[in-house]
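Here is my note on the structure you sent, written as numbered points. Please read each point with the chains displayed beside it.

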Number of protein chains: 6
Amino acid sequence: MAAFRVDNRIGRTAILLVLNGEECISKEQLRQLKWKSCTGKVGSMESQKVVAAIETAAKKNGIIQPGVYRETHALYHAIIDAVSGVTRGQVQIGSVLRTVGLSFSIIRGNPYESEQEGDWIAVCLYGTIGAPVKGLEHETIGLGINHI
Amino acid sequence: MAAFRVDNRIGRTAILLVLNGEECISKEQLRQLKWKSCTGKVGSMESQKVVAAIETAAKKNGIIQPGVYRETHALYHAIIDAVSGVTRGQVQIGSVLRTVGLSFSIIRGNPYESEQEGDWIAVCLYGTIGAPVKGLEHETIGLGINHI
Amino acid sequence: MAAFRVDNRIGRTAILLVLNGEECISKEQLRQLKWKSCTGKVGSMESQKVVAAIETAAKKNGIIQPGVYRETHALYHAIIDAVSGVTRGQVQIGSVLRTVGLSFSIIRGNPYESEQEGDWIAVCLYGTIGAPVKGLEHETIGLGINHI
Amino acid sequence: MAAFRVDNRIGRTAILLVLNGEECISKEQLRQLKWKSCTGKVGSMESQKVVAAIETAAKKNGIIQPGVYRETHALYHAIIDAVSGVTRGQVQIGSVLRTVGLSFSIIRGNPYESEQEGDWIAVCLYGTIGAPVKGLEHETIGLGINHI
Amino acid sequence: MAAFRVDNRIGRTAILLVLNGEECISKEQLRQLKWKSCTGKVGSMESQKVVAAIETAAKKNGIIQPGVYRETHALYHAIIDAVSGVTRGQVQIGSVLRTVGLSFSIIRGNPYESEQEGDWIAVCLYGTIGAPVKGLEHETIGLGINHI
Amino acid sequence: MAAFRVDNRIGRTAILLVLNGEECISKEQLRQLKWKSCTGKVGSMESQKVVAAIETAAKKNGIIQPGVYRETHALYHAIIDAVSGVTRGQVQIGSVLRTVGLSFSIIRGNPYESEQEGDWIAVCLYGTIGAPVKGLEHETIGLGINHI
Ligand SMILES: [Mg+2]
Ligand SMILES: [Mg+2]
Ligand SMILES: [Mg+2]
Ligand SMILES: [Mg+2]
Ligand SMILES: [Mg+2]
Ligand SMILES: [Mg+2]
């Protein structure tokens with residue numbers, strides 16, 4: 001697939017990043033926007049492992065500064081919003097006997113025209129949710145966006 | 001943008017359809033898959049208007065049979081799941097003083113290899129959510145998938 | 001249908017009362033148990049009207065003392081629990097474009113062996129929930145039980 | 001108790017089945033309606049065990065076809081709706097320090113006049129919820145209905 | 001800090017008790033009001049341990065009678081309401097990868113002018129919620145009030 | 001009541017501010033901390049009016065910059081968290097037939113030792129919730145804290 005145009009919609013970019021993979025955004029485009037991003041995968045029946053996988057990826061890839069709580073806090077609530085789109089209603093996975101297999105993307109940058117708006121963070125999760133049996137599952141997506 | 005490959009992931013297709021518009025799926029591809037789809041837009045502070053707009057579009061475009069309750073029921077729960085991704089937690093919009101501007105897509109078809117799985121329905125909503133003031137908003141997505 | 005045996009399960013009795021109607025409990029049986037009960041009907045798209053109809057019936061039939069807040073409070077939370085069974089997840093009806101047609105029963109009495117347990121209240125709602133179109137609906141039940 | 005009249009209300013029948021036991025529906029009546037049903041019991045502090053017990057019973061008794069995902073999916077959401085009536089608000093049991101002792105019924109069939117409506121599934125849970133101490137509990141019910 | 005005036009607002013008193021400690025209410029004042037109270041601390045990633053710590057304190061300090069279910073029931077729902085203020089939305093702690101460090105207070109008494117209102121119970125939780133890393137946390141409060 | 005010591009706990013200060021009124025924090029203390037604060041009152045059956053009253057107060061008193069979305073966004077989510085403590089479970093007031101009479105406080109400042117943490121916002125709501133009848137109500141509190 002040809003690279004899509006990276007515009008300033010951070011959520012849309014996060015969604016396409018998780019659907020199409022990292023090759024779809026050129027390094028050059030991100031540099032121009034001064035955005036940071038990373039992707040990863042997590043499969044689990046435990047919600048806390050999903051949260052942890054995304055937090056770890058964000059720290060390892062320098063998306064957030066681990067020692068600054070406001071950054072952890074911004075990311076955390078973006079993650080919970082994204083997970084809540086995935087689970088639709090109750091942020092529960094294994095405790096209601098289902099499992100998820102998810103890819104995720106994280107983007108940090110300013111999607112607004114005004115510089116005053118500063119950085120925002122978008123977390124997108126996409127994959128499958130279903131019974132803990134291969135194939136008994138359907139797709140799911142979640143997006144969380146927060147100022148950071 | 002070049003047309004993306006329509007594979008059997010009905011949720012992914014619904015997401016790309018709402019992000020990239022109808023031109024991105026050729027009529028031919030959908031015919032091969034025997035899938036039906038439509039798109040639309042709705043902006044409102046009232047959750048029930050969002051639900052109604054999607055239901056109306058689905059009926060007008062022949063995605064569901066209006067007189068068959070099981071089809072209305074399948075669509076309804078897919079919509080509520082999608083809205084719940086958009087609102088993350090409470091299916092409320094104006095009653096918590098926010099507004100949405102959404103595009104939506106609906107696809108009906110069998111995303112599984114086995115013919116026994118029959119038709120499924122995917123509803124995807126993408127757009128903005130925020131204060132009832134232009135620009136004070138961020139992006140949001142929701143996807144609901146149900147057997148029909 | 002023959003009258004069922006009224007045992008001390010106040011919730012079960014409330015359920016059967018709403019399913020089978022008042023004739024199924026003899027006045028004598030209730031007098032022996034020192035229980036009070038009433039039934040009613042309410043159809044609406046507005047949650048608050050459902051709550052109001054049950055509160056009004058409870059007061060008119062002397063199930064609770066209107067001037068005593070602890071009784072209103074006990075009843076209120078029993079109603080919300082019952083409605084939440086009916087709506088499953090979000091205590092919303094018209095705001096998510098659906099309507100309910102419900103029968104309800106209210107019973108007050110002590111379902112426990114020990115006199116110390118005092119009075120409890122059971123509110124049961126049973127009927128249909130669905131699209132605001134006759135026939136596009138399925139059944140639903142909710143039961144709320146509280147000490148009073 | 002005399003057998004009650006089995007009418008086409010699948011939810012009401014599921015409720016009475018769980019309250020009165022299997023002897024209350026004659027095999028003949030069910031055969032006429034072409035409905036399938038089973039009952040069972042589950043007591044647990046873990047929501048996932050409640051879900052699993054019902055899924056297992058449904059498969060063992062031939063109510064759903066285990067290999068067909070749309071059937072598992074229909075049953076799953078009916079179960080979650082039923083559990084959500086039991087727990088009223090949060091689909092959590094032990095994680096909020098309470099336990100349930102439940103009987104359940106599952107019925108599959110067409111409750112509507114039109115043959116087009118196909119099969120629906122009703123899951124009813126009834127029993128007690130409360131502190132993990134015998135007697136410190138009250139009754140609870142939940143009903144989930146889905147097209148299958 | 002000087003002792004604040006204990007008025008009949010049981011919730012306000014419970015809040016100040018947890019914020020300022022027990023020395024702020026003189027034993028004499030409580031005796032006049034015929035109110036009972038206690039305080040404690042609990043830190044955990046498991047919601048059920050928070051519930052258990054408060055229940056244990058209430059029983060040990062004679063706030064409720066352990067053998068009377070209506071008292072346990074009243075306390076339980078007050079606790080869940082308080083925890084739900086702390087967690088805001090989902091009564092989940094460790095399962096969404098966060099931890100709490102809480103002080104709590106429990107007060108039992110009649111906050112209303114009329115003697116008919118009988119006893120009520122107030123449970124207040126105050127402390128921090130955040131990542132399971134010291135310092136990556138912010139404050140939180142919750143208050144549950146119930147008739148007993 | 002004597003002025004309490006303003007320490008760096010922004011949530012605790014917001015709670016005491018709403019309970020004890022503005023006189024309890026000296027202007028001097030706030031100036032030293034470089035914190036901004038305001039208080040107000042709102043009574044309503046409509047959740048959106050509660051949100052609007054707090055947003056308006058925050059803007060009128062210069063707590064947030066109305067033209068900067070990240071500030072509106074931070075405040076909005078702090079308000080929803082606070083309201084969710086008040087309503088415990090469903091952010092609904094009149095739609096479940098209850099009303100609130102609330103005082104609120106808003107504080108903006110850095111409660112952490114590190115300057116890097118920047119500003120945070122605390123919104124505290126305290127008052128009564130209950131039936132729309134004077135006196136049939138009990139106390140309630142909610143606190144929302146967010147980075148800004
Ligand atoms: Mg937070
Ligand atoms: Mg339904
Ligand atoms: Mg209450
Ligand atoms: Mg599903
Ligand atoms: Mg209870
Ligand atoms: Mg937001």
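1. Which side chains meet in a salt bridge, with 2.9 Å from N to O? In this predicted model, the partners are Asp81(A) and Arg88(B), so please begin by finding an acidic side chain on chain A and a basic one on chain B that are joined in a salt bridge because a side-chain nitrogen of Arg lies within 4 Å of a carboxyl oxygen of Asp. The count between chain A and chain B is 2 salt bridges, while the structure holds 24 over all chains.

2. The contact that holds this pair takes 26 residues from chain A and 26 residues from chain B. Together, chain A and chain B bury about 2,200 Å² between them, and carbon and sulfur atoms account for 58% of that area.

3. Chain A can be laid on chain B by a turn of 180° with a shift of 0.0 Å along the axis, and the RMSD of that superposition is 0.0 Å. If you wish to find the axis on the screen, look for Gly85(A), whose C-alpha is the nearest to it in chain A, at 1.9 Å. Both copies use the same surface here, for 100% of the contact residues of chain A recur in chain B.

4. A pair of helices also deserves your attention, namely helix α1 (residues 10–20) of chain A and helix α1 (residues 10–20) of chain B, whose axes come within 11 Å and cross at roughly 140°. The crossing of α1(A) with α1(B) is left-handed. On the chain A side, the residues that meet the other helix are Arg12(A), Ile15(A), Leu16(A), Leu19(A) and Asn20(A), and on the chain B side they are Arg12(B), Ile15(B), Leu16(B), Leu19(B) and Asn20(B). Sorted by class, the residues of this contact are 6 nonpolar, 2 polar and 2 charged.

5. Chain B has a contact with chain D as well, which takes 17 residues from chain B and 17 residues from chain D. The area buried between chain B and chain D is about 1,400 Å², of which carbon and sulfur atoms give 48%. On the chain B side, Arg70(B), Glu117(B) and His147(B) lose the most area to chain D, and together they make up 45% of what that side buries. The count of salt bridges between chain B and chain D is 0.

6. How are chain B and chain D related to each other? A turn of 180° and a shift of 0.0 Å along the axis lay chain B on chain D with an RMSD of 0.0 Å, and the two copies are thus related as by a two-fold rotation axis. Moreover, 100% of the interface residues of chain B are also interface residues in chain D, so the copies meet through the same surface.

7. Within chain B, Asp119(B) forms a salt bridge with Arg108(B), and their closest N and O atoms are 2.8 Å apart. Since Asp119(B) lies in the loop between β2 (99–109) and β3 (120–130) whereas Arg108(B) lies in strand β2, the pair ties together parts of chain B that are 11 residues apart in sequence.

8. Finally, please do not read a contact into every pair of chains, for chain A and chain C do not touch, their nearest C-alpha atoms being 7 Å apart. Chain B and chain E do not touch either, and the separation of their nearest C-alpha atoms is 7 Å.

Technical notes. Residues numbered from 1 in each chain as written. Chains lettered and ligands numbered in written order. Predicted model: local features only at pLDDT ≥ 70, side-chain atom pairs only at ≥ 80, totals over all residues. Heavy atoms only, no water. Least-squares fit on C-alpha atoms with pLDDT ≥ 70 in both. Contact = heavy atoms within 4.5 Å. Axes fitted to C-alpha atoms, helices over the stretch in contact; angles between N-to-C directions. Helix = DSSP H or I, 4+ residues; strand = E, 2+ residues; numbered from the N terminus. Left-handed = near helix turned anticlockwise from the far one by under 90°. Nonpolar A, V, L, I, M, F, W, Y, C, P; charged D, E, K, R; others polar. Buried area = accessible area lost by both parts, 1.4 Å probe.
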